[in-house]
Structure formats: structure tokens, C-alpha cells
Amino acid sequence: MVEIKKVEVRNLKIEDYQELKTSMIEAYSNWPGAYWKEDRISKLLEVFPEGQLAVVADDVLVGCALAIIVDYKQFGDEHTYKEITADYTFDTHSADGDVLYGIDIFISPDFRGYRLGRRLYDTRKELCERLNLKAIIFGGRLPNYHKYASSMKPKEYIDKVKFKEIYDPTLSFQLSNDFHVKKLLTGYLPGDKESKDYATLLQWDNIFHTKKNSKLQENKSVVRLGLIQWQMRPYKSLDELFQQVEYFIDAVSGYKCDFALFPEFFNAPLMAEWNELSEPEAIRQLAIYTDDIRERFTQLAISYNINIITGSMPLLENGNLYNVGFVCQRNGVWDKYEKIHITPDEVKCWGMLGGNKIRTFDTDCGKIGVCICYDIEFPELSRIMSAQGIKILFVPFLTDTQNGYSRVRNCAQARAIENECYVAIAGSVGNLPKVHNMDIQFAQAVVFTPCDFAFPVNGIKSEATPNTEMILVVDVDLNLLKELHEHGSVKNLKDRRTDLYDVVLKSVSNKNVSDGILDEETTPVKR
């Protein structure tokens, strides 16, 4: 290896041709005459100058990456190098195409080992993202296959390279740069004796690609959350309670939040009016307000241009008592979510039942899910929601002691890591001396993130002051989740062993089956 003092990747120029020719002859020393003529390089620079890259070490060109843009549907996966390049004329280049197609990439042998090829690939990826192309695709040689051709078929060879049992200087490098083998090609590059005329069709997907001529309003990438740490205090009426509700909505809306999150049973102070009744009777009286509360939240969502997660409240339905809440969107649409797991105390004191519907919700900020308090302690629920595509999970909760709060907090943080999503939790603080079963509260609102380099090292985006009435305003970047899913240090969702286990939906009402999630009457869906 030659010692390098400085290195840069820049656009190729026609003045570089002689150095490019020398470098390419050295790189393909086992393939005499395999270098691009000057007129071909000139054509590439004419039709697509920004796609032609050079890596320069100590002012000497030592490597190159050449590419065109193609309308990939015109070729499909069954094509040859000659076809995709229009007999090496590059007339297939189309500025309106959707795929960045790699024509060539090489590094002079004396300069290998410095990861210069990786720099070229990274620059190509940045170009692909900047031009909003779907993917990078190219045919990759198998230069070491001739050593094993007598003992194994190409598929076995590719598998052994993938699992690092065999080293191939081209394929091993491409796999390490996040390309995946899409197909085995035959006759792709006639005359490639080392590869026995085989090649791999490789692809890198641009996770930030958006369709052209897409809808005017796309989902936001940076979403602002407003968490309300609600103080329990006496209220004489629903109107008085909603004066405080509107105060907080006005506050978080003033900070241009996209969501407001209220706690579980934030309306419990209204039960003081029926404190002489038994606990089951009092909470059923509270349920009388639920429809009115939903309507008021819906109007506030429209008036303040904010999506509201209403916490939770009791709902009487066919004589049964449930713990429910509503997603009230700023476009006037509302949906109901249910608490699935009921705590022993809710059963004992109120005779409450668990709901049966596990749902996710499409919003103008992407798909979200809601788990009410105890539900967050059951990882199956959030895994089902994750499989359906949620990016943010909201957790309204109500806990009286630090023990209970710690269960909610620690499980919520685990869900963020497991499901590669943001988790926002909000609860109530203070005391309610005149409401049975609601005497004391403990809470600290938090927004949790996955744990990787793009996120806080402790997985906490922000947290409120414990046991203090306040709001917490936090920005979360959904694009970071896309990058984590594809390129994270660990890949919790991709690495699930769905060949060994599955999450099963048994409820008849849950027929929305996603990857890796089963209804009891369905067959496994493998990712």
C-alpha cells in the first residue's frame, strides 16, 4: 500500500482521462484491453456529468465510479450490460429515469485498503438521494468464482460469500456497502472468464425516495409533540375542566405542535360530584360526559390546528364499562382506541372490562398507535402496531406511586428500542382528596427514542420535571427511523426470527394482518 496524505472525491473531468486510463489498466490487469476509450468517457460527461466520480489521492486520480440514469422498467432484471448501456453508447441515459445504474467502479491496486471504494459508493448514495431516485442498481462481477466453479454452482458460491466463508474482492465489498443480491445473471458480461460469464444484480434502495407527482401534502418528517403533565385539582363542572384543557391546547398549539397528549383519566376530578356513591356507580356517572368530551376535543383540534390524543375516560357500551380515548385530528376526523389490559384495581374498584380492538391511525404526520397505561407493559401490542407501520406510540397513563410509574416508564423505553419508534408518555400529578380511588398521582412525561448513534445515548429525547404541572414540547425526526431500520447498528425489526415465532391476533375483530402478525385463522406471514 502507498502512504496517502490527503484524499478527496470529486466530479470527473475530461482532462483526467490519461490518469483514468492508467488506473483502470492497473485495476483490470487480468483483463487486457478492458478500459474505457476517451470518446466513451466524453459521452458520459456530456450526458450526466454529476454521475461521473473520481477519487484523488495526493493529487493523483486512483479510482473512478461511472453511472447513468435509466428508466428501469424498460429493461427489468433480465438484461445484459450491453443492453443497459445501448451497446456502450449510453443512449439509454434518461434524466427522467428512476434508477442510478452503475457502469463501472474501480480502484488502482496500490491504493486499495484505504476504503476509497467506500467513499465512491457513499458519494453515489448521496447523489441518488439528492436526485430522488429509487435505487442504485448494477451488475457485479464474481472475479474469484473461477477458483470454485468446478466444485460449486454460482448460487452456493454467492451464499458462501454472503456468510463470509469465501472472500470475493468485488461481491464481498458490495455486500459490506449495504447492497443486496437481487438476482443471478448469466451472459451479463461476455468475456469475463474470471466470473465464468456470471454476475450478480445488486441493488441499494433509497429509503428517502418519494414518488414524483405525489400528493401536495406529504407526511411531515419532523413532528413536534406537546405532552401535557396534568395537575389533578377540583373542578365544579365540565366547562371549568375544559377551560384548563383549552389553556394547554392553546399553549402547545402556540408552539406549533402537531400532537397534544393528555393523560389517562384526566377528567377524574369530575367524580367528586358523586363521591357519596360507590366507586362503580361514580365512574359510571362520569361516563355520561364522554360523548360531550369527544365532541369538545374534536372542535378544539380543528380550531387550534392540532391533532389531540385525548388521554382516556370511561365509556359505557351495552351495559359494560370500558377505558377508552380518542384520536381527534385537525381535519375533523376522530377515531376511538381502547385499553386492552385492565389492571386488577380497575376490575376490583370499578368492574371495568378490557377492549377488543387493537388499532393504528393514519394522520398527517404518519401512522401512530396508542397504548393506555398498563397496555405498554405487554410488548405484543406495540409489536402488532409496529408491524402495521407506526412511527410514534403515545402512552397516556395514570399512576399513583413511583413503583407503578417505573413499570410504565421502563416498559415504554423498551418498546422504543424493540420497535424502532418514538414513544411519548404523559400522566397526571397532584392529589384528589375528594375522589375515591384517585387520592395521589405520580408522573413524569418523557419522549423515548431508539438507542443508536443518531439518537441520544440514553434513549431519552426529553423529559419533564417530575410531579410538576407543565408541558413538554419535543421534536422527533421520522427520517432517522428510516435510516435506523436500514442501517442501524442493530436491526431489531429485521432480525426477528419469524421462522421460529410469531405474534398471533386471536380476536375476530382484528383481521388486519401485517408482516409477521397473524390472525388465528390465517397462515404465517413471513418477512
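Which residues is methionine 271 in contact with, leaving aside its neighbours within four places in sequence?

**Entry 1: methionine 271**

I began with this residue in what is a predicted model. Methionine 271 is in contact with Ala282, Ile283, Leu286, Trp350, Val435 and Met438, once its neighbours within four places in sequence are set aside. I located methionine 271 in the loop between β9 and α8. I then asked whether methionine 271 is buried or exposed. Its relative accessibility is 5%, and methionine 271 therefore counts as buried, the limit being under 20%. I also looked up the distance to alanine 424: the C-alpha atoms of methionine 271 and alanine 424 are 27 Å apart in space, and the two residues are 153 apart in sequence.

**Entry 2: phenylalanine 265**

I stayed with the loop between β9 (259-261) and α8 (279-286), where phenylalanine 265 has its place. Phenylalanine 265 is not a glycine, yet I found a positive phi of about 50° for this residue. The relative accessible area of phenylalanine 265 is 2%, so I recorded this residue as buried.

**Entry 3: asparagine 132**

I noted a positive phi again at asparagine 132, where the angle is about 55° although the residue is not a glycine. Asparagine 132 sits in the loop that lies between α4 (116-130) and β5 (135-140).

**Entry 4: proline 344**

I next turned to helix α10 (residues 344-350), in which proline 344 lies. Is proline 344 buried or exposed? Its relative accessible area is 61%, and because the limit for exposed is over 50%, I entered proline 344 as exposed. From proline 344 to arginine 115 I read 59 Å, C-alpha to C-alpha, with their positions 229 residues apart in sequence.

**Entry 5: helices α7 and α9**

How do α7 and α9 pack? Helix α7 (residues 238-254) and helix α9 (residues 290-303) have axes 12 Å apart, at an angle of about 30°. The two helices are therefore roughly parallel to each other, since angles under 35 degrees count as such. The crossing of α7 past α9 is right-handed. On the α7 side I listed Leu238, Asp239, Phe242, Val245, Glu246 and Ile249, and on the α9 side Asp292, Ile293, Arg296, Phe297 and Leu300, as the residues that make the contact. Sorted by kind, the residues of this contact of α7 with α9 give seven nonpolar, no polar and four charged.

**Entry 6: helices α11 and α12**

I looked up a second helix pair, α11 (residues 379-387) and α12 (residues 402-419). Their axes come within 10 Å and cross at roughly 35°. The crossing of α11 and α12 is right-handed. From α11, the contact uses Pro379, Ser382, Arg383 and Ser386; from α12, it uses Arg415, Glu418 and Asn419. I sorted the residues of the contact of α11 with α12 into one nonpolar, three polar and three charged.

**Entry 7: the whole protein**

Finally, I looked up values for the protein as a whole. I found 13 helices and 24 strands. The C-alpha atoms fill a box of roughly 95 × 45 × 40 Å, taken along the principal axes. The protein has 527 residues, of which 51% count as buried. The protein exposes about 24500 Å², and carbon and sulfur atoms supply 49% of this area. What share of the contacts between residues at least 6 apart in sequence joins residues at least 24 apart? I recorded 69% for the protein.

Notes. Residues are numbered from 1 along each chain as its sequence is written. This is a predicted model: local features need pLDDT of at least 70, side-chain atom pairs count only at pLDDT 80 or more; totals for chains, interfaces and linings use all residues. Side-chain values use heavy atoms; hydrogens and water are left out. Axes are lines fitted to C-alpha atoms, for helices over the stretch in contact, and angles run from 0 to 180 degrees between N-to-C directions. Helices (H or I, at least four residues) and strands (E, at least two) are DSSP runs, numbered from the N terminus. A crossing is left-handed if the near helix is turned anticlockwise from the far one by less than a right angle, and right-handed if clockwise. Contact means heavy atoms within 4.5 Å. Ala, Val, Leu, Ile, Met, Phe, Trp, Tyr, Cys and Pro count as nonpolar, Asp, Glu, Lys and Arg as charged, and the others, Gly among them, as polar. Buried means under 20% relative accessible area, exposed over 50%, partly exposed in between (1.4 Å probe, protein chains only). Accessible areas come from the Shrake-Rupley method with a 1.4 Å probe; for residues, only the protein chains shown count as cover. Angles under 35 degrees count as roughly parallel, over 145 as roughly antiparallel, 65 to 115 as roughly perpendicular and the rest as oblique.
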